[in-house]
Amino acid sequence: MALYTSMTQTQLNEELQSVLAHYNRCKQQNLKLNLSRGKPSKMQLDISKDILTALSDDAECFDGAIDARNYGELAGLPCARRYWAEILDCKPEQTFVGGSASLNLMFDVIARAYSHGLLHSPRPWCREETVKFLCPSPGYDRHFRITEFFGAQLITVPMTAEGPDMDMVECLVQDPCVKGIWCVPKYSNPDGIIYSNAVIARFANLKPAAPDFTIMWDNAYCIHEFDGEYVQIPDLIELCRQAGNPDMVFEFASTSKITYAGAGFSVMASSEANIDYLTKLFGVQTISYDKINQLRHVRYLKDKATTLEHMKKHAQIMAPKFAVVADALEMQLGPCGFARWNRPKGGYFISLFTMPGTAKRAIELCKEAGVEMTPAGATYPYGKDPDDSNLRIAPSLPPVEELEKAMDVFCTSLKLAALEKLLSV
Ligand code: PMP
């Protein structure tokens with residue numbers, strides 16, 4: 001097979017006929033498959049069934065003298081704070097353990113910044129004429145949507161193989177309107193990149209013009225390797241402290257991809273000063289979070305070593321699915337030369353760049369053939385990819401046999417969209 005870009009018109013037409021014939025055969029299968037969101041599969045959820053019986057008696061509902069069944073401990077049960085401090089390599093006093101979703105904590109931090117301001121805000125963000133927020137892209141659509149929801153102007157920062165383009169970040173933070181940045185430092189959504197130590201050090205040493213500049217450090221995939229051993233990244237909270245920026249970062253994580261998605265427990269970690277400040281503000285909206293769930297999670301997951309062992313069970317389920325995707329891409333798209341993609345060792349996504357100007361069309365073709373993908377553009381601010389090229393593949397949900405069929409449709413649709421474009425020029 002020749003590269004699509006070096007084919008003659010005749011060769012392109014022949015290839016189109018053959019790809020179209022295959023696409024029509026795919027359509028006749030009447031598939032109904034979904035690779036659009038990073039949901040754990042049923043097999044993964046089943047791993048954690050013992051959590052349902054982790055507390056079976058009134059007497060077990062205590063963390064020391066604290067009764068988990070009652071109000072109190074807004075910042076989380078002490079055992080839950082110790083648990084997350086060990087996972088994230090920080091101190092228990094630097095953690096705030098919340099409810100069943102970390103996205104909720106992220107939303108609440110931004111909401112408080114707008115309504116009341118953060119610790120070093122000269123005024124609430126709602127009173128600023130302009131608030132700009134940096135969005136490394138491709139990135140996570142739900143992050144971007146939180147800041148868009150409050151009216152911030154979203155600024156795209158390109159991703160490199162080591163993390164966001166730090167030359168650009170260092171330059172942009174000189175603007176006092178730039179109030180923060182979204183980051184997924186490990187197995188980034190969707191690129192699957194681990195930020196390099198050099199990039200992390202540059203984050204700690206930023207010198208932003210805004211005194212309340214905030215790094216939203218979403219460590220959602222902090223222990224989620226499916227290929228190889230656990231990878232430790234530097235603790236940005238400590239690095240920021242050493243660099244004289246102690247209150248610049250909020251870190252987030254949850255057990256959504258460890259036990260039950262949206263039904264586990266979440267954490268926010270930051271300087272003690274930030275945790276104290278936000279605990280007071282959060283105390284207006286809730287008396288305390290679900291400590292029964294915190295307690296059964298800690299009883300079940302115990303500590304970091306036990307949790308890492310638990311994650312190996314997820315890895316056994318995830319690794320073959322990522323292999324199906326990688327093999328399909330390599331075999332079907334590799335020889336055509338118009339697409340490139342990453343091969344991550346953890347996280348939930350594969351990011352692929354197809355021929356510019358064809359991503360939307362490819363997703364449309366997938367849909368017509370019964371395969372739902374994350375919409376093209378979703379990985380960029382405002383849902384608009386300027387190159388119409390990036391696509392996110394989320395292979396976790398379907399069983400392997402379905403994934404194979406879905407990837408056949410996906411690769412065929414990408415080829416068809418690329419051929420249509422080449423032939424229309
Ligand atoms: N952050 C990232 C980067 C994610 O990919 C996801 C889920 N797709 C979440 C947060 C959601 O986490 P939670 O369930 O804790 O809100």
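Axes here are lines fitted to C-alpha atoms, for helices over the stretch in contact, and the angle between two of them runs from 0 to 180 degrees between N-to-C directions. Keep that in mind for the second exercise; the model you are looking at is predicted.

**Exercise 1. Find which residues of helix H12 are buried, and where they sit around the axis.**

Solution. Start with the residues of H12, which spans 359–368. Its buried residues are Ala359, Ala362, Ile363, Leu365 and Cys366. They cover an arc of only 160 degrees around the axis, so they lie on the same side of H12. A general rule helps here: an α-helix has 3.6 residues a turn, so residues three or four places apart point the same way. Now turn to the face pointing away from the buried side: there you find the exposed residues Lys360 and Lys367. Finally, look at what covers the buried residues: among the elements are helix H1, strands E14 and E15, and helix H13.

**Exercise 2. Work out how H12 and H13 are oriented to each other.**

Solution. First take the geometry: the two helices pack at an angle of about 135 degrees, and their axes are 8 Å apart. Next, classify the angle: over 145 degrees would count as roughly antiparallel, and 65 to 115 as roughly perpendicular. H12 and H13 are therefore oblique to each other. Their crossing is right-handed.

**Exercise 3. List the residues through which H12 and H13 meet, and sort them by character.**

Solution. On the H12 side, pick out Arg361, Ala362, Leu365 and Cys366. Their partners in H13 are Val409, Phe410, Ser413, Leu414, Leu416, Ala417 and Glu420. Sorting the residues of this contact gives eight nonpolar, one polar and two charged.

Conventions. Residues numbered from 1 in each chain as written. Predicted model: local features only at pLDDT ≥ 70, side-chain atom pairs only at ≥ 80, totals over all residues. Heavy atoms only, no water. Buried < 20%, exposed > 50% of the residue type's maximum accessible area, 1.4 Å probe, protein only. Helix = DSSP H or I, 4+ residues; strand = E, 2+ residues; numbered from the N terminus. Arc of directions from axis to C-beta. Contact = heavy atoms within 4.5 Å. Parallel < 35°, antiparallel > 145°, perpendicular 65-115°, else oblique. Left-handed = near helix turned anticlockwise from the far one by under 90°. Nonpolar A, V, L, I, M, F, W, Y, C, P; charged D, E, K, R; others polar.
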